[in-house]
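Trainee: Could you take me through one part of this model in detail, residue by residue? I'd like to know what the side chains there are touching, and how that part sits in the whole chain.

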Amino acid sequence: MKKLALHWQILIGMILGILFGIGMTFTEGGASFVGNWIKPLGTIFVKLLKLIAVPLIIASLIKGISDLKDISKFKNIGLRTMVIYVGTTVVAITIGLALVNIVQPGNGISEETITRLTETYANSGGVQAKIAEASKQKSSGPLQFLVDMVPDNAIKAMGSNKSMLQVIFFTIFLGISMLLIGEKKSKPLKNFFDSLNEAVLKMVDLIMLSAPYAVFALLATVVVSSKDPDLLFALLKYAFTVIGGLLIMVTFYMVLISVFTKKNPIWFLKQISPAQLLAFSTSSSAATLPVTMERVEEHVGVDKEVSSFVLPVGATINMDGTSLYQAVAAVFIAQALSFDLSFGDQLTIILTALLASIGSAAVPGAGMVMLVIVLESVGFPADKLAIGLALIFAVDRPLDMCRTVINVTGDATVATLVAKSVGKLGEPNPQNWDDNYEEVK
């Protein structure tokens with residue numbers, strides 16, 4: 001009997017998790033049961049993915065650079081990657097602004113709803129923490145993100161997934177240095193990283209065996225922990241505006257795939273769908289990164305020389321979904337609180353959201369932090385910032401899940417486009433967890 005494809009297994013797990021979570025919500029002690037016995041399964045899965053993220057980036061990036069044999073090729077890949085990432089982010093922000101100005105979801109929010117949302121969330125620790133983090137970010141210099149990219153201790157940087165850009169910087173530095181000392185001297189180190197890369201990719205395959213059960217646990221936990229459904233319904237127009245923009249962004253990606261790579265967009269989405277479903281379940285591009293790399297390399301056919309650079313960089317600085325969400329959220333808050341935004345203000349939003357998506361890459365919960373920076377850039381009153389964030393805090397978690405899917409889809413799309421442009425897009429070569437099982441049985 002043919003085994004059910006992984007993306008279908010994960011999708012079934014997600015649906016069952018949502019239904020189970022709804023059932024537990026209406027069961028006495030259900031939320032406590034999910035928290036004690038179901039949530040840990042999802043937490044362990046996410047920790048396993050984060051566990052292998054740094055080793056995978058180091059091994060695959062060094063392998064990719066050392067296989068190039070020519071530093072100019074790496075410069076070519078890097079330049080194209082940055083240009084396309086900036087381009088797609090500008091498109092995402094523009095789509096968000098166009099949609100929110102057409103739909104105007106903020107004009108439909110009643111004073112009563114604003115008051116309830118303010119009372120519920122304005123003084124919460126989450127909202128205040130985002131405002132404090134944004135103030136800290138804004139007070140730093142314009143080149144602070146470059147300073148933050150350079151580690152003063154490589155081992156310490158590798159010890160935190162929040163320092164991904166520092167890990168990438170060190171790894172690129174090491175890879176280029178290996179090229180410069182010549183193939184003979186660098187071969188022992190290259191062989192070590194080649195072997196490490198294969199081992200970590202096999203770890204991805206093994207971890208993915210538990211993915212359907214893990215997403216069940218993750219989604220069930222999200223459902224039982226959601227608070228005040230009435231407030232969620234009050235924000236449906238805003239939520240659907242964001243989701244509509246994200247769907248338009250996916251369509252834009254698929255047009256790029258069809259036009260520039262001549263690949264079937266439906267086929268492309270099918271190949272990366274396990275990574276998309278995990279992005280939805282975990283709300284983390286970094287946690288999903290090992291799966292994204294495995295799907296893009298083995299199932300789409302992107303050469304490791306390209307994917308090992310484009311995808312880790314994308315997971316930290318390319319936030320198309322988040323940038324689109326910020327554009328919609330900023331204008332929505334302004335509409336709801338009767339704060340007029342001129343055309344110039346909206347152009348400022350595009351520029352600020354673009355810069356914030358790069359500068360805030362390593363900040364936990366970056367979306368809300370970036371939003372505060374965007375609002376302050378157009379002169380939004382400081383005393384109303386907490387109220388503004390409170391308006392969208394109720395639906396931030398489900399929208400975070402949706403925009404992370406777009407972030408991951410954008411990373412995979414750009415990796416495929418760059419690979420095609422430099423002649424590094426080959427045929428897919430999927431690997432299974434038990435490919436070498438006969439040798440060790």
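Mentor: Let's start with the whole chain, then go in close on S66 and F74, and finish with some loop residues.

A bit of housekeeping. This is a predicted model, so to speak of a local feature takes pLDDT of at least 70 and side-chain atom pairs count only at pLDDT 80 or more, while totals for chains, interfaces and linings use all residues. Residues are numbered from 1 along each chain as its sequence is written, and side-chain values use heavy atoms, with hydrogens and water left out.

The chain has 21 helices and 0 strands; these are DSSP runs numbered from the N terminus, helices being H or I with at least four residues and strands E with at least two. Its radius of gyration is 22 Å, close to the 22 Å from the globule rule for 441 residues, so the chain is as compact as a globular protein of that length. That radius is taken over C-alpha atoms, and the rule is 2.2 Å times the number of residues to the power 0.38. Along its principal axes, the C-alpha trace spans about 70 × 50 × 45 Å. Of the 441 residues, 51% count as buried, where buried means under 20% relative accessible area, exposed over 50% and partly exposed in between (1.4 Å probe, protein chains only). Contacts (heavy atoms within 4.5 Å) are often long-range: among those with a separation of 6 or more, 85% join residues 24 or more positions apart.

Now the close-up. S66 is in helix α2, residues 30–68, and at 8% relative accessibility it counts as buried. What does its side chain reach? A polar atom of the S66 side chain lies 2.7 Å from the backbone oxygen of I62, and the side chain also reaches the backbone oxygen of K63 at 3.1 Å. Both are polar contacts, meaning N or O pairs within 3.5 Å; within protein, one atom must be able to donate a hydrogen and the other to accept it, and residues adjacent in sequence count only if both atoms are side-chain atoms. Setting aside neighbours within four places in sequence, S66 is also in contact with M178, L179 and K190.

Next comes F74, in helix α3, residues 71–103. F74 counts as buried too, at 11% relative accessibility. Not counting residues up to four places away, F74 touches I65, L68, I172, I176 and F309. The C-alpha atoms of F74 and E305 are 8.4 Å apart, although 231 residues separate them along the chain.

For contrast, try the loops. K262 sits between α12 (236–261) and α13 (265–282); at 66% relative accessibility it counts as exposed. Its phi is near 60°, a positive value in a residue other than glycine. S338, in the loop between α16 (320–336) and α17 (343–359), is exposed as well, at 65%, and has a positive phi near 55°. G426 belongs to the loop between α20 (396–421) and α21 (437–440) and is partly exposed at 29% relative accessibility. Beyond residues up to four places away in sequence, G426 touches K263, V300 and G301.
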